[in-house]
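The following questions and answers concern charged pairs and helix packing in one protein chain. Please consult the sequence and the structure while reading.

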Amino acid sequence: MRAGPLSGRAFRRFFLGRSLSLVGDAVVPAALALALLRATGSVSSLALVLGCAMVPKLLLLPVGGVVADRLNARTVAVATDLVRCGMQLLVGLQLLGDDPSIGLIAAAEVVGGAASAFATPALSPLVSATVGAEHRQRANSLLGTAGSVARLGGPALAGLLIWSVGPGWAFILDAGTFAASAALLLGVRIAHAPLPKRSFRADLMAGWAEVRSRDWYWTSLIAHGIWNLTAAVFMVLGPAIAVRSLGGEGSWVAVLQSGSIGVLVGALLAGRCRVRRPVAAGNLAAGLYALPLAALAASAPAPVVIGAYGVAMAGLGFLGPVWETTVQNTIPEHALARVMSYDWLMSLGAMPVGYLLAPLAAKAWGSTTTLTASALLVGGACVATLAVPGVRRFVVAAEERRTEPAPGACETEPADVRAT
């Protein structure tokens with residue numbers, strides 16, 4: 001049996017640190033919401049703090065991509081882990097006090113969001129640098145699985161901390177996971193070829209040129225952005241419909257839990273399957289999000305909506321590792337962080353648009369029409385990528401798909417195909 005990605009010391013340390021920080025991050029959202037509501041009783045305070053984390057991340061993602069390509073990705077990851085450790089520790093100490101300062105918490109979230117803009121583009125280069133091409137899909141599957149497990153267990157752990165010792169300790173825990181991640185990464189040594197000395201703008205435009213030159217990449221980004229926009233529509237309109245028509249709050253919790261399990265199943269499946277056409281397969285998997293949108297629009301019973309959402313999120317869980325592996329194996333390493341920064345910018349930037357448009361569209365045309373249009377939009381956009389020449393021609397050679405067999409691994413096409 002061949003060694004997997006965890007047999008390598010560098011990836012093993014990176015994976016452990018990343019898994020720990022994912023657990024900490026999964027605890028924070030519930031703790032933050034309850035802590036601010038306890039302290040202020042105001043939903044606007046929560047919106048302010050969440051916006052303070054998101055806005056600088058969106059604005060600085062392309063900058064973070066340039067920095068991660070210019071510097072060693074490990075150096076960027078360690079530095080940003082330490083910054084986020086300090087900010088979460090500050091928020092935790094504020095929440096442990098009797099009179100937490102919303103202004104100070106918001107400022108800490110601004111700094112943490114900015115650090116995240118530099119950390120996020122560095123993740124793919126770290127995988128690429130610590131894992132050989134033959135192991136990357138399983139490595140990305142492992143990371144996706146760790147994220148899914150964290151999202152499943154995070155709310156329960158958050159509840160335990162909140163009701164036993166207080167929400168501030170959730171942030172102390174998150175700070176500790178960032179410190180542990182930084183310590184683990186300090187022991188990792190990866191090669192780095194510095195970029196030629198040129199202006200920041202030239203580096204930024206060179207990264208964009210890598211995106212623009214690949215029709216399979218930028219058209220898929222558009223489809224993925226539409227996925228995030230319609231996911232926001234589902235998250236805005238879904239809870240009210242569930243409470244009103246699907247049996248109450250418990251049905252919405254079941255929908256969300258089904259999605260978490262679906263992502264986990266999809267990530268595990270991605271670790272065992274070697275697809276011949278990864279871009280096409282990943283985009284079709286993303287298109288499954290049309291199912292829960294259509295189910296809600298059609299007033300389907302709760303079990304149908306719950307099942308449809310689980311299937312849709314399994315598609316997302318499958319897309320993630322397959323897409324990450326494809327990008328890591330195709331984009332030149334010296335431009336990988338910049339290219340991924342545009343990827344994240346498109347994905348993260350689309351969700352606030354969906355949050356803004358969903359209630360406006362529902363008020364103007366009704367929830368049924370809005371959900372139906374969203375289902376057609378995401379399904380159509382993902383399927384339409386198959387009409388793009390680069391998507392159709394992107395084929396992985398059979399021998400490349402067979403470099404890392406796993407017990408029970410699936411093959412989606414016969415083994416005599418060659419890359420074109």
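Salt bridges and helix packing

Q: Are aspartate 69 and arginine 338 buried or exposed?
A: In this predicted model, a residue counts as buried when its relative accessible area is under 20%. Both aspartate 69 and arginine 338 fall in that class. The term for the two residues is therefore buried.

Q: How many residues apart in sequence are the parts tied together by aspartate 69 and arginine 338?
A: The side chains of aspartate 69 and arginine 338 form a salt bridge, with N and O 2.7 Å apart. Aspartate 69 belongs to helix α2 (residues 43–70), whereas arginine 338 belongs to helix α13 (residues 336–365). The pair therefore ties together parts whose separation in sequence is 269 residues.

Q: What is the distance between the closest N and O atoms of aspartate 203 and arginine 70?
A: Side chains of opposite charge can pair when their charged atoms come close. The cut-off for a salt bridge is an N to O distance within 4 Å. Aspartate 203 and arginine 70 form such a bridge, and their closest N and O atoms are separated by 2.6 Å.

Q: Which helices hold aspartate 203 and arginine 70?
A: The salt bridge between aspartate 203 and arginine 70 links distant parts of the chain, 133 residues apart. Aspartate 203 lies in helix α7 (residues 200–212), and arginine 70 lies in helix α2. The helices are thus α7 and α2.

Q: Is arginine 70 buried or partly exposed?
A: Its partner aspartate 203 has a relative accessible area of 1% and is buried. Arginine 70 has a relative accessible area of 32%. Since that value lies between the limits of 20% and 50%, arginine 70 is partly exposed.

Q: Which residues are linked with Arg70 in a network of salt bridges?
A: The structure contains five salt bridges. Some of the charged residues are joined in a network, and Arg70 is one of them. The residues linked with Arg70 there are Arg198 and Asp203.

Q: What separation, in helical turns, lies between arginine 84 and aspartate 81?
A: Arginine 84 and aspartate 81 are joined by a salt bridge with an N to O distance of 3.0 Å, and both residues are buried. They are three residues apart in helix α3 (residues 73–96). The separation is therefore about one helical turn.

Q: Is α8 roughly parallel or antiparallel to α12?
A: Helix α8 (residues 215–245) packs against helix α12 (residues 302–330) with axes 13 Å apart and an angle of about 150 degrees. Angles over 145 degrees count as roughly antiparallel. Helix α8 is therefore, relative to α12, roughly antiparallel.

Q: How many charged residues has the contact of α8 with α12?
A: Helix α8 contributes residues including Trp216, Leu221 and Phe234, which meet residues of α12 including Met313, Leu316 and Trp323. By class, the contact of α8 with α12 has twelve nonpolar and four polar residues. The number of charged residues in this contact is none.

Q: In which hand does α8 pass α13, left or right?
A: Helices α8 and α13 pack with axes 7 Å apart, at an angle of about 35 degrees. Their contact comprises 20 nonpolar, four polar and one charged residue. The crossing of α8 with α13 is right-handed.

Definitions and conventions: Residues are numbered from 1 along each chain as its sequence is written. This is a predicted model: local features need pLDDT of at least 70, side-chain atom pairs count only at pLDDT 80 or more; totals for chains, interfaces and linings use all residues. Side-chain values use heavy atoms; hydrogens and water are left out. Helices (H or I, at least four residues) and strands (E, at least two) are DSSP runs, numbered from the N terminus. Buried means under 20% relative accessible area, exposed over 50%, partly exposed in between (1.4 Å probe, protein chains only). Axes are lines fitted to C-alpha atoms, for helices over the stretch in contact, and angles run from 0 to 180 degrees between N-to-C directions. Angles under 35 degrees count as roughly parallel, over 145 as roughly antiparallel, 65 to 115 as roughly perpendicular and the rest as oblique. Contact means heavy atoms within 4.5 Å. Ala, Val, Leu, Ile, Met, Phe, Trp, Tyr, Cys and Pro count as nonpolar, Asp, Glu, Lys and Arg as charged, and the others, Gly among them, as polar. A crossing is left-handed if the near helix is turned anticlockwise from the far one by less than a right angle, and right-handed if clockwise.
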